Structures are given as C-alpha cells and as structure tokens.
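This report describes a protein chain and the ligand it holds. Please look at the model before reading on.

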Amino acid sequence: MKLSGKVALITGAASGIGRETALLFAEEGASVVVCDINDEGGTDTAARIIQEGGRAIYVHSDVSKAMDCRNMVQRAESEFGGLHILFNNAGIMDSRDDNAEATDEAVWDLTMNINLKGVFLGCKYGIPAIKRSGGGSIINTASFVALLGAATPQIAYTASKGGVLSMTRELAVIHAREKIRVNALCPGPLKTELLMKFLDTEQKRQRRLVHIPAGRFGEAFEMAKAALFLASDDSSYVTGAEFTVDGGITAAYVTPE
Ligand code: NAD
C-alpha cells in the first residue's frame, strides 16, 4: 500500500475527483478527512470508506471560511494524530460565469473565494500541521484552463485556476526545504457534475470535445490515480509541477479526425 500510516485531508470530497480520490487513498492505507459543504455526499464518502474497512471522518468545511479550514485541520490532528497529505480540490464553476462584460462582480467574488482563497486557507492552516508531522505532499487542483484560453467563456473560473497554479509554484519553492512538496493537478475536461452542468447542451459538449485528442471526457478516477502519484513517495522528487492529466488537450494544435 502506497499511503499506509498517512493522514490525508481532501476538500470537495463529497463528489467527483475528491470522492474518487478519498476512496483510492483509503484503499492505499491512508486515514482520510473528507471535507465538503455537501453533508449528504460527504457523509456517504466517509461511510463507504469505513464500510470497506478503512478509516475516515466527514467534517463540514466551507473552504472559503478561515474558521472552517482551521477546524478541518484540527480534526485531522485530533482524530488521526497528524496531517501528511493535503488535497485542496474543492471548486465551483458557476453557470453565470461568462465573459468580462457579462459576469457579475458577485460571481467573480464567489468563484475567487472558493477556488483561489480556499486553496490559500487550506495551506495557511494545513502547512503548520504538515510540518508538525515531519513533511508531506500538497496537491492543488487547478485546470487545463490555467494553461489555455477556453472557447466557452468563464472568466472568473479561468482566472482563479491561473492563481492556483502560480500560488502552487511559490508554495513549492518556499516549503521545499521543509520536506513539503506542492504540486498542481491540471485536469482536462471531465465527465463530472461540475462540467456537465456547465456544458449543458450536446452542442456545447461537442464544442469542447473537438479539442481533445483522446476524443472523450476524462473520468474522476483517472484524476484520483494522478493524485495518488503526487501524494505518494513515487513522486518524491516532483515539486512545483503543473501535472496535466488532460487527454492531450494542452498538447494539441489540431486534433485528429
Ligand atoms: P464536483 O462538482 O463533482 O466536486 C466539487 C466538490 O466541491 C463538490 O462536492 C462540492 O460540494 C464541493 N464544494 C463546492 N464549494 C465548496 C466549498 N465552498 N467548500 C467545500 N467544498 C465545496 O466537481 P469535480 O469535477 O470533482 O471538481 C473538483 C475540482 O476539479 C474543482 O476544483 C474543479 O474546478 C476541478 N476541475 C474540474 C474539471 C472538470 O472538467 N470537471 C476540470 C478541471 C478542473
């Protein structure tokens, strides 16, 4: 098992990438702190882990709130005795997010508070705990849109993910000598609720698929496997990386027919 004896905290673990990763990390021996604002989904993720003989707790945590982030980290230490892996994964893609002219300031603020400030707050409270545990791995979920301009406008989301990517690089440099690795996971378009709600017509989905060399949307479990690599010692010399798992979308100029 790749994560035995490790404690992992995962935000946005009630569904999608976070849930698949929570299940996989637990299978690999980690004790998992499942964090989300969706109490039903979060409780279910934790229950599934426990049912399979693993160790997990669910902690209601809104990543845009400092007190919630402080609390989730405290719970990791009080329940499981430390923190080694922090997966700052929670994020939203608001359906009202559009181009600069059409997007309301409130949508910009909401998106930034969750997608970008949420990662900062996770690190603000998580890093001291990881240090107390002797080091570890932080994974921040960015996106391929941090690297490429998207054809379907989502100005706040794109800017928030660009921020996650540049923040990740600085964190990696600052904390490298403290045995903390920090990497960004940049998923391509996935068949999770988040994107399917945004690309809500077949026409919009096809518009996005045109750009993906693999010719399909990715699956959440494919991101979980990448997160496992970044969380485990298999990636012991990897830090500050933008780890693209995207069906080739960022490599393509023209996709094959
Ligand atoms: P998802 O909607 O299935 O999961 C996101 C989770 O975050 C949900 O459980 C939701 O309740 C939770 N969440 C929302 N606001 C929160 C808050 N304030 N505090 C705590 N939790 C909150 O979507 P997903 O596809 O699994 O997305 C996970 C991450 O991957 C996000 O950061 C997203 O931006 C990123 N991402 C997704 C795609 C994609 O195509 N789906 C592509 C690139 C990046």
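The text below treats the chain as a whole and then the surroundings of the ligand.

This is a predicted model, in which local features need pLDDT of at least 70, side-chain atom pairs count only at pLDDT 80 or more, and totals for chains, interfaces and linings use all residues. Residues are numbered from 1 along each chain as its sequence is written, and side-chain values use heavy atoms, with hydrogens and water left out.

The protein chain has eight helices and seven strands, taken as DSSP runs (helices H or I, at least four residues; strands E, at least two). Along its principal axes, the C-alpha trace spans about 50 × 40 × 40 Å.

Around the ligand there are 28 residues, of which Ser15, Ile17, Asp36, Tyr157 and Thr192 come nearest; a residue is near if one of its heavy atoms lies within 4 Å. This shell divides into 14 nonpolar, eleven polar and three charged residues. At least two shell residues come from each of α1 (16-27), α5 (155-175) and α6 (193-198).

The table gives polar contacts of the ligand, which are pairs of N or O atoms within 3.5 Å.

| Ligand atom | Protein partner | Distance |
|---|---|---|
| nitrogen | serine 61, polar backbone atom | 3.4 Å |
| nitrogen | aspartate 62, side-chain N or O atom | 2.9 Å |
| oxygen | lysine 161, side-chain N or O atom | 2.9 Å |

Taken alone, the ligand exposes 820 Å², and the protein buries 94% of that (Shrake-Rupley method, 1.4 Å probe).

Conventions:
Polar contact = N/O pair within 3.5 Å; in protein donor to acceptor, adjacent residues only side chain to side chain. Nonpolar A, V, L, I, M, F, W, Y, C, P; charged D, E, K, R; others polar.
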